[in-house]
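Hi,

Here is the structure I said I would pass on. Have a look at it first, and my notes follow below.

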Amino acid sequence: MPAKTMDELVSLCKRRGFIFQGSEIYGGMQGAYDYGPLGVELKNNLKAAWWRSMVYERDDVEGLDAAIIQNKHVYKYSGHEDTFTDPMVDCHECKSRLRADHMKDIKVCDNCGSTNVTAPRDFNLMFKTNVGPMVNEESYTYLRPETAQGIFTNFKNVVDSTSRTLPFGIAQIGKSFRNEITPRNFIFRVREFEQMELEFFCKPGEDEKWHEFWVGARKQWWLDQGLAEENIQFEYVTGDDLAHYSKSTVDILYKFPHGFEELEGVANRTDYDLGSHTKAQEEFGLSAKVKKNEHSTAKLAIRDLEENKWEVPFCIEPSAGLDRGLLAVMTEAYTEEELPNGTSRTVLKFKPHLAPIKVAIMPLKKNKPEIVALAKELKNKLQKLGLGRILYENTGNVGKGYRRHDEVGTPICVTVDFDSIEKEGAPVTVRDRDTMEQIVVPAAELPAYVINYFINQN
Ligand SMILES: Nc1ncnc2c1ncn2[C@@H]1O[C@H](COP(=O)(O)OP(=O)(O)OP(=O)(O)O)[C@@H](O)[C@H]1O
């Protein structure tokens with residue numbers, strides 16, 4: 001059963017080293033979190049799973065890693081400078097700052113109930129920063145609020161260097177920054193986060209088909225990461241909630257401990273973005289309404305070989321939050337179990353490919369040199385398989401080790417004991433996280449056993 005409250009997750013994350021409050025020793029920093037020893041592994045595994053499915057398992061997607069700091073013209077023409085705002089309300093009474101579209105009633109402070117509140121006004125969410133030693137009117141830019149813009153500005157570079165034709169996509173994972181008015185719900189809404197974004201370019205007219213395809217494909221991917229079908233919903237974004245660039249957007253919602261909320265958005269961005277950043281806009285008969293571009297030096301178009309003309313493709317964007325993804329995966333994996341002997345355990349039932357530690361190797365006696373040597377040898381052998389982190393853990397208390405590894409979601413624990421050094425075949429004990437069953441495997445067969453386990457479980 002998934003986690004019921006955010007508090008139980010927050011507490012486990014801190015206790016076991018998944019996630020810490022940012023700048024904690026100085027009293028914290030709202031909306032910023034640090035990923036600890038296990039959090040960074042989980043995050044890397046989720047990123048790797050996304051990259052594998054987006055780039056390696058498809059032959060029509062290329063990867064990219066664009067700069068976070070970009071020319072300010074990027075945000076002028078993307079529309080962020082003018083429109084990337086949230087409506088903000090200030091309470092004169094308790095000094096809270098609230099997001100008007102999240103308030104129960106925009107005339108009453110959600111925090112103290114006062115009606116002494118300002119009218120909503122637009123607040124730009126981009127962090128402005130100064131570039132170079134001179135501080136003047138011209139020296140500013142912004143930290144990127146989404147990774148997507150770096151994909152659009154590199155469109156021509158990628159097409160020229162890979163000879164791609166439509167349809168094809170460009171995938172990117174990286175940090176984004178938003179000066180959220182009310183960061184909250186742990187890592188759900190933060191000011192610095194990572195996104196996993198694909199911009200998939202297709203012919204105008206084929207956009208609706210591809211939009212539908214990506215909505216389905218992205219839902220399936222989240223199911224493959226272990227989320228339960230009943231905890232996922234679609235929301236068809238309409239009216240004022242639809243971004244100005246979008247023809248249609250489907251949000252994939254997950255049942256977080258604080259309720260169903262957006263995990264990923266899949267938007268049909270039409271020819272808005274490439275059309276905004278291209279030079280010679282008037283040549284292309286754009287369908288989107290764009291600002292006149294006076295600075296771009298490149299035509300962001302592709303040759304339609306059948307019709308022998310240049311056209312600006314449409315773009316479908318599945319945009320997922322990595323931090324929200326991690327929160328969803330942890331929520332789903334969190335399980336409190338009553339055991340037959342009357343005790344209980346907390347176990348994170350991660351899909352094995354996401355588990356921060358793949359295998360823990362534990363010698364039964366920490367000061368028996370032959371046991372320790374065999375345990376270390378097995379650790380080195382398994383590490384070379386390239387599955388991820390294999391932990392050699394020499395605490396001498398196997399029972400406690402099992403509990404700790406249940407709580408951090410380690411799928412397999414291997415114990416090396418006296419039998420392992422005395423009996424023929426060097427048998428070691430392999431314990432399964434979910435069933436808690438233990439079987440004996442000859443040490444020489446352990447690598448094959450572990451590989452099979454990870455192949456079959458995913
Ligand atoms: N402040 C944030 N903290 C963590 N993740 C975020 C944040 N803002 C956006 N994301 C992630 O990036 C994805 C794509 O961004 P998008 O601009 O579509 O979000 P959004 O619609 O503005 O989100 P919301 O409505 O929750 O503010 C979101 O689905 C979410 O997973």
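**What I found**

Let's start with strand S3 (residues 61-64), which pairs with S9 in the parallel sense over 4 bridges. If you want a spot to zoom in on, Gly-63 stands opposite Ala-171 in S9. Before going further, bear in mind that this is a predicted model. The protein chain averages a pLDDT of 96, and 100% of the residues score at least 70. As for the global scores, ipTM comes out at 0.98 and pTM at 0.96.

Back to S9, which covers residues 168-177. On its pairing with strand S10 (residues 192-202), the two run antiparallel and 10 bridges join them. Ser-176 is the residue that stands opposite Phe-193 in S10. Is S9 enclosed or open? Of its 10 residues, 8 are buried, so the rest of the structure largely encloses this strand.

Ile-173 also turns up in a contact from far along the chain: its C-alpha atom is separated by 9.5 Å from that of Ala-320, with the two positions 147 residues apart in sequence terms. Ala-320 itself is found in strand S16 (residues 314-321). With 24 other C-beta atoms within 10 Å, Ala-320 is buried; the cut-off for that label is 20 or more.

Next, a small sheet. Three strands, in the order S5-S4-S6, form an open sheet with antiparallel pairing. Which strands stand at the edges? They are S5 (97-99) and S6 (121-124); each has a single partner strand, so one side of each is left without a neighbour in the sheet. Neighbouring strands here are turned by 50° against each other on average, ignoring direction. S4 (residues 85-90) and S6 run antiparallel and are joined by 4 bridges. Within that pairing, Met-88 has Arg-121 in S6 as its bridge partner.

On the annotation side, UniProt lists residues 7-352 as "domain: Aminoacyl-transfer RNA synthetases class-II family profile", in an unreviewed entry. Over residues 7-352 the chain is 26% helix and 29% strand. The end C-alpha atoms of that stretch are 25 Å apart.

Now for helix H10 (residues 369-383), where a quick geometry check works out nicely. At 1.5 Å a residue, its 15 residues should span 21 Å, and the end C-alpha atoms are indeed 21 Å apart, so the two agree. Which residues of H10 are buried? They are Ile-371, Leu-374, Ala-375, Leu-378, Lys-379 and Leu-382. Looking down the axis of H10, these buried residues fall within an arc of 140°, so they line one face of the helix. The face turned away from that buried side carries the exposed residues Pro-369 and Asn-380. You may want to colour Lys-379 separately, as it is listed among the buried residues of H10.

One last stop is Pro-411. Where does Pro-411 lie? It sits in the loop between helix H11 (398-408) and strand S21 (412-416). Despite the loop setting, Pro-411 counts as buried, with 24 C-beta neighbours inside 10 Å. Its C-alpha atom and that of Leu-354 are separated by 10.0 Å, and the two residues are 57 residues apart along the chain.

Cheers

Note on methods
Residues are numbered from 1 along each chain as its sequence is written. This is a predicted model: local features need pLDDT of at least 70, side-chain atom pairs count only at pLDDT 80 or more; totals for chains, interfaces and linings use all residues. Two strands pair if DSSP finds at least two bridges between them. Axes are lines fitted to C-alpha atoms, for helices over the stretch in contact, and angles run from 0 to 180 degrees between N-to-C directions. pLDDT is the predictor's confidence in each residue, from 0 to 100. UniProt positions are given in the numbering used here, feature names are shortened, and annotations may be inferred rather than shown by experiment. The expected span of a helix is 1.5 Å times one less than its number of residues. A residue is buried if 20 or more other C-beta atoms lie within 10 Å of its own, exposed if 12 or fewer, and partly exposed in between; C-beta atoms are placed from the backbone. The arc is that of the directions from the helix axis to the C-beta atoms.
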